[in-house]
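Thanks for coming, everyone. I'll put the model up, and then we'll walk through it.

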Amino acid sequence: MWNSDSPLPFLNSCHAELTRLRRELHAHPELGFQEHRTAGLVAERLRAWGVDEVHAGIGGTGVVGVIHGRREPLPGDERPESAGAEPWPRSVGLRADMDALPMHEDNESPWRSTRSGVMHACGHDGHTAMLLGAARYLAASRDFAGRVHCIFQPAEEGLGGACAMMRDGLFERFPVDWVFGMHNWPLLPAGRIGLAPGAMMAAADRITIHITGTGGHGAHPHLAVDPVLVAGHVITAVQTLVARDVDPAQQAVVSLCGMQAGDLGAMSVIPRRVTLVGTARSFRADVQQRLEDRLGPLVQSVALAFGATAELVYERIYPATINTPHVAFHAAEVAAELVGESSVVRNLPPSMGAEDFAFMLQAVPGAYLRLGTGGDGSAQLHSSRFDFNDAVLPLGAALYARLAERALDRPAAQML
């Protein structure tokens with residue numbers, strides 16, 4: 001049940017067009033920082049739909065559309081700084097990611113990827129279409145006071161497109177008081193909305209471990225220092241970090257996910273060197289630091305016990321995605337207005353996945369939401385069978401739009 005005084009009637013009337021747009025994007029996926037066709041399409045639609053300003057090439061292939069409201073500020077806007085309360089937002093950012101993944105698509109739909117080895121397997125095509133729908137509605141209605149910045153971000157999938165846009169002056173050129181992002185979530189039924197007033201996604205760190213032995217003949221292992229054997233013990237030992245070095249009340253994951261050693265064509269050659277790669281995930285800075293501090297001595301000690309050496313390279317890729325509590329409360333209220341309280345999960349368990357929207361949340365108060373897209377037989381994110389659920393396009397666009405409208409419609413005293 002949706003509130004009749006909402007963007008949904010307008011956006012439901014655009015459903016077929018948004019679906020065609022989403023499928024056009026799906027059929028022509030582009031990898032991070034290569035979203036030239038996608039960015040061009042986004043800019044063209046924004047201009048066609050009357051967005052006031054369209055700025056392209058931000059952070060490489062990013063696009064920002066600026067929409068000005070037609071309303072005057074409500075009473076209560078001007079509040080003395082000494083009051084210590086949050087100011088009423090004058091400008092809101094809405095962010096969608098645009099990039100695809102380097103994957104082969106196994107779907108057979110007419111809109112399947114036309115590019116070999118590139119696929120929209122995470123629904124960024126849907127995010128882009130939803131934010132375009134929101135921009136169309138907001139440019140037509142302008143029923144708010146202030147500005148909305150629609151941020152179409154490149155390269156979310158591990159390349160840090162959010163950072164690239166921010167280094168290019170995103171929030172200096174387009175300042176926002178609050179910023180919102182969302183992601184489709186097949187683990188939630190279609191039409192449900194989930195979020196939390198704190199951690200939404202984990203920090204993602206990259207682990208690379210180089211183990212060096214002496215190599216030799218597989219028939220004479222006593223004359224070698226076998227780094228493959230050492231790697232096996234390192235893999236096992238690393239699992240003790242979460243079990244014995246992290247407070248059981250906290251959450252963390254350490255996974256070694258790749259191993260490169262020797263030559264499959266050389267069955268009797270003990271290699272000299274093995275490389276392991278993996279990831280560490282955590283929500284709190286002290287837990288993240290603990291993992292980094294303990295991992296190096298652990299792998300070095302295990303290697304030393306076997307006469308080998310080990311080198312750890314620990315890289316912090318994305319910080320944890322942490323919602324600002326009062327902005328998350330605002331977002332939950334907006335979601336309840338759209339879909340009803342029973343369809344809002346206000347304390348969604350956080351995911352150990354990661355998201356570079358975290359960098360935006362470090363710079364600006366904001367909130368990250370999950371939009372349910374699940375149903376019978378739904379493929380999960382990053383699956384070669386994944387396809388965005390087009391049924392939720394109007395709701396996602398309405399959620400983007402309403403988050404901005406409500407933030408720019410009421411004094412802060414009514415929102416906290």
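What follows is a short tour of selected residues and elements in this predicted model.

Let's start with the cysteines. How many disulfides does the structure hold? The number is 0. Take cysteine 122. The closest cysteine sulfur to its own belongs to cysteine 257. The distance is 17 Å, and that is too far for a bond. A disulfide needs the two sulfurs within 2.5 Å. Cysteine 150 is in no disulfide either. Its nearest cysteine sulfur sits in cysteine 14, 14 Å away. Are these two cysteines, 122 and 150, buried or exposed? Cysteine 122 has a relative accessible area of 6%, so it is buried. Cysteine 150 comes in at 1%, so it counts as buried too.

Keep cysteine 122 in view, and move to asparagine 184. Asparagine 184 lies in strand S5, residues 178-189. Its relative accessibility is 0%, so it counts as buried. What does its side chain reach? It reaches the backbone oxygen of cysteine 122, at 3.0 Å. There is also a side-chain polar contact between asparagine 184 and histidine 183, at 3.5 Å. Now the wider surroundings, leaving aside neighbours within four places in sequence. Asparagine 184 is in contact with Cys122, Gly123 and His127. Leu371, Thr373, Leu381, Phe386 and Phe388 are also on its contact list.

Next, helix H9. This helix covers residues 285-305, 21 residues in total. Does the length come out short, long or as expected? At 1.5 Å a residue, H9 should span 30 Å. Its end C-alpha atoms are 31 Å apart, so the two values agree. There is a bend, though. H9 bends by about 25° at leucine 295. Proline 297 follows within four residues of that point.

Which residues of H9 are buried? From the N-terminal end, we have Val287, Gln288, Leu291 and Leu295. Then come Gly296, Leu298, Val299, Val302 and Ala303. Note that leucine 295, where the helix bends, is on the buried list. As a reminder, an α-helix has 3.6 residues a turn, so residues three or four places apart point the same way. What covers the buried residues of H9? The cover includes helices H7 (227-238) and H8 (240-245). It also includes strands S8 (203-212), S10 (252-261), S12 (273-282) and S13 (309-318). Just past the helix, glycine 307 takes a positive phi of about 85°.

Strand S8 is part of that cover, and histidine 210 lies in it. Histidine 210 has 18% relative accessibility, so it counts as buried. The cut-off for buried is under 20%. Its side chain makes a polar contact with the side chain of arginine 273, at 3.4 Å. Not counting residues up to four places away in sequence, histidine 210 touches Arg273, Val274 and Thr275. It touches Thr309, Ala310 and Glu311 as well.

Strand S13 also brings us to the aromatics. The count is 4 aromatic pairs. One of them joins tyrosine 318 and phenylalanine 359. The geometry is edge-to-face: 5.8 Å centre to centre, with 90° between the planes. Where do the partners sit? Tyrosine 318 is in S13, and phenylalanine 359 is in helix H11, residues 357-363. They are 41 residues apart, and the pair links distant parts of the chain. Both are buried.

Now the loop between helix H2 (15-27) and helix H3 (36-48), which holds glutamate 35. Glutamate 35 is buried, because its relative accessible area is 0%. Its side chain makes a 2.5 Å polar contact with the side chain of threonine 61. Its C-alpha atom is 9.0 Å from that of glycine 60, 25 residues apart along the chain. Contacts of glutamate 35 beyond four places in sequence include Met98, Asp99, Pro154 and Ala155.

Phenylalanine 33 is found in that loop between H2 and H3. Its phi is positive, about 65°, although it is not a glycine. For context, most residues other than glycine have a negative phi. Arginine 142 is a further case, with phi near 50°. Arginine 142 is in the loop between helix H4 (124-141) and strand S4 (147-153). How do the two compare in exposure? Phenylalanine 33 is partly exposed, at 31%. Arginine 142 is buried, at 17%.

That's the tour. Over to you.

How values were computed. Residues are numbered from 1 along each chain as its sequence is written. This is a predicted model: local features need pLDDT of at least 70, side-chain atom pairs count only at pLDDT 80 or more; totals for chains, interfaces and linings use all residues. Side-chain values use heavy atoms; hydrogens and water are left out. Buried means under 20% relative accessible area, exposed over 50%, partly exposed in between (1.4 Å probe, protein chains only). Helices (H or I, at least four residues) and strands (E, at least two) are DSSP runs, numbered from the N terminus. The expected span of a helix is 1.5 Å times one less than its number of residues. The bend at a residue is the angle between axes fitted to the seven residues ending there and the seven starting there. Contact means heavy atoms within 4.5 Å. A polar contact is a pair of N or O atoms within 3.5 Å; within protein, one must be able to donate a hydrogen and the other to accept it, and residues adjacent in sequence count only if both atoms are side-chain atoms. Rings of Phe, Tyr and Trp (its six-membered ring) pair if their centres lie within 6.5 Å; planes under 30 degrees apart count as stacked, over 60 as edge-to-face and the rest as tilted.
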